[in-house]
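Student: I would like to go through this complex with you, asking at each step what justifies the terms that are used for it.

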There are 2 protein chains.
Amino acid sequence: MTGALDDRGAQVLRHVVEDYIETAEPVGSRTISKRMEQHLSPATIRNIMADLEEMGYLVQPHTSAGRVPTGAGFRYYVDYLLARRRLARPQRDQFQRMAGEAGGSADELVRQVSRLVSTLSRQACVVVVARLSSQPLRSLNLLRAGADKVLLVIVTQGGWVEHRLIEGETGLSGDDIGKINAYLNELADGLSLHELRGKILREMKQEKARYDRLMQRALQLSARALEESSPTEVYVEGRANILEQPEFAEDVQKLKRILRAFEEKSVIVRLLDRTLEGDAIQVSIGSENPVEGFPDISVVSSGYRLGESVTGSIGLIGPVRMDYSRIIPLVEYSARLLSSTFEHR
Amino acid sequence: MTGALDDRGAQVLRHVVEDYIETAEPVGSRTISKRMEQHLSPATIRNIMADLEEMGYLVQPHTSAGRVPTGAGFRYYVDYLLARRRLARPQRDQFQRMAGEAGGSADELVRQVSRLVSTLSRQACVVVVARLSSQPLRSLNLLRAGADKVLLVIVTQGGWVEHRLIEGETGLSGDDIGKINAYLNELADGLSLHELRGKILREMKQEKARYDRLMQRALQLSARALEESSPTEVYVEGRANILEQPEFAEDVQKLKRILRAFEEKSVIVRLLDRTLEGDAIQVSIGSENPVEGFPDISVVSSGYRLGESVTGSIGLIGPVRMDYSRIIPLVEYSARLLSSTFEHR
DNA sequence: GATTAGCACTCGGAGCAGCGGAGTGCTAAT
DNA sequence: ATTAGCACTCCGCTGCTCCGAGTGCTAATC
């Protein structure tokens, strides 16, 4: 099973995949024969297709139906047959215009980008993940927010803002808060939230030796604020797009499973996990994707940098039968756009 | 058409509605005859049903099918026939447990409540809206957030936190920021964001006469931060629940329209708009709902108070054929829970 | 030897008839 | 006023045929 293809086989496979992407119907030998630039009769095509089937790139839903690409077929197509295009000019312009308009806050920009990607793809649902805890911090700010509450506002270098409300903190004067602030910022300098948490815990042990009660309080307080591992932000855009796909619209069970999965943040994060490390683009076809039980969805995703390190990932989730030649440049471009926008901050 | 019902008619209507809610199938006279406590033969029931049909409470999908309640039928049921129950004990407990666990921040609580409501209802999708701009403020805090950026953190008395990033602000010393903060808080005291915006604009005119440049700057800056009308926060939970309903699962077109609508914040806000004013519960059945084009969904919603005034609304969106006797107490209870939790802050 | 025309074969889906059942409305009996 | 009885309606299921798209194989052709 599976193996290298000669040129003719590759061309036939390419046509089958592309036609299937377009029509969502099994593709017959006549169709391919007409589509191919090199003229070959349907009979010849049939022979080639039979070979491709033996190699595991195609299957027949039943005898006397056309062929449908398998996961391996799509894989081969994506790896070797896909013409790698740049994103089309007008679409690049749309992105640029949007980036110009989007306000200063990082999460606003991410939301806009994902919305645009979803509209342009029309195939699938776009998901963006931003892992806050590994972004280098810009500043921490403690605020009084009521009689017994203080608010810790966290700003990362990428321009992400998050806040934690801490309850049951009484008797901190404005002066105390100022001092704690200064201390925390000194501690945090250049670290990520994750690293800071470690440092605070270490510091707490040492500081106990000394007798600075305020600093001790500061450490306890921030340890409390940071104890819940900071959640990964997840944005999902264009859920309704998947209804556009005939393969899902027909099978409500499948649809239900997918939509349910999308309500779980953790599932989405797992889907994009791979790309949260490097910023190369990743294509997971069908059962290759990291989440079990969804053999008919593909994920095209890419990490993006927020500042120095890759902390976010944008991904497009759709049917295996998606238009990779359009989708891949789209995701690639938007990830690069996010990275470069955050760089200039 | 439509009119008052005698007792027997009402009982029959009640049974038709309840049976239809349960089965989603047209209800026949035999079924009702068996279900009714007062024994009546199917033939009698048929006569009564024919009357109810004339009055507009029931329809037949076709001759020789059972009857289905119309919008008016459901309306009558909800207004006069529904046994108003309290929420069941175990469910109340679930809410209490959750409220105890939920962290301090308001939006976390709201999210948890909507999630629980969605799980308990299993029928529909829950939506929560919180209108920030009419909540009385607790404090405003300006923070430095980079070389040319400042961050305005807004905390309302209900415990809601929001922030706005303002770009292109250079040359403000820490001292300046402190002064601006004090000034803004004095200005904001007890006002809502909406009122504050008005006050700032008025103040700006007067302040021009005076020559305090820093205060002028403060006003300009906050005016900029508040110029975009603060968006209404919208949380949607349990979208996939609507797939559970046979009436939608069968009609993909309808489903698509509904899911698309849910991607638009504005549509959701319009659906709950009515209840954003008072805190009474509202039931919009079918085409009664404020958004045109969705004649087969109902909305059960109630406002809740965040502090003094009603600024939020929790609503349940589902098929017209929903179990109002379960849903209404559920929504009522959760709205009251939100109000009372926010009161004790 | 590769390609192709020809042909028999397979299989799914559309279309149609027939039937059974659930439900109705009407009439006549209680 | 209620109800038993009955004829009637209509939906949806089942089974049937027919059609077409597509295949694999074989034999003829380049």
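**Contacts between the chains and with DNA**

Tutor: Let us begin with one pair: the side chains of Glu244(B) and Lys256(A) meet in a salt bridge, 3.1 Å from N to O. The model is a predicted one, in which local features need pLDDT of at least 70 and side-chain atom pairs count only at pLDDT 80 or more, while totals for chains, interfaces and linings use all residues. Residues are numbered from 1 along each chain as its sequence is written, chains are lettered from A and ligands numbered from 1 in the order in which they are written, and side-chain values use heavy atoms, with hydrogens and water left out.

Student: Why is the pair Glu244(B) and Lys256(A) called a salt bridge?

Tutor: The term asks for a side-chain nitrogen of Lys or Arg within 4 Å of a carboxyl oxygen of Asp or Glu; the pair of Glu244(B) and Lys256(A) has its N and O at 3.1 Å, and therefore satisfies the rule. Across the interface of chain A and chain B the rule finds 4 salt bridges.

Student: Which helix gives the most to the side of chain A that touches chain B?

Tutor: That is H12(A), with 6 residues, where a helix is a DSSP run (H or I) of at least four residues, numbered from the N terminus.

Student: How do you know how the two copies, chain A and chain B, are related?

Tutor: Superposed by least squares on the C-alpha atoms of residues with pLDDT of at least 70 in both, chain A can be laid on chain B with an RMSD of 0.1 Å by a turn of 180° and a shift of 0.0 Å along the axis. The two copies are thus related as by a two-fold rotation axis. The same surface serves both, since 100% of the contact residues of chain A recur in chain B, contact meaning heavy atoms within 4.5 Å.

Student: What makes Arg67(A) a polar contact of DNA strand D?

Tutor: A polar contact is a pair of N or O atoms within 3.5 Å (within protein, one must be able to donate a hydrogen and the other to accept it, and residues adjacent in sequence count only if both atoms are side-chain atoms). A polar side-chain atom of Arg67(A) lies 2.9 Å from a phosphate oxygen of the strand, and so falls under the cut-off. Arg46(A) places a polar side-chain atom 3.1 Å from a base nitrogen of DNA strand D.

How values were computed: Helix = DSSP H or I, 4+ residues; strand = E, 2+ residues; numbered from the N terminus.
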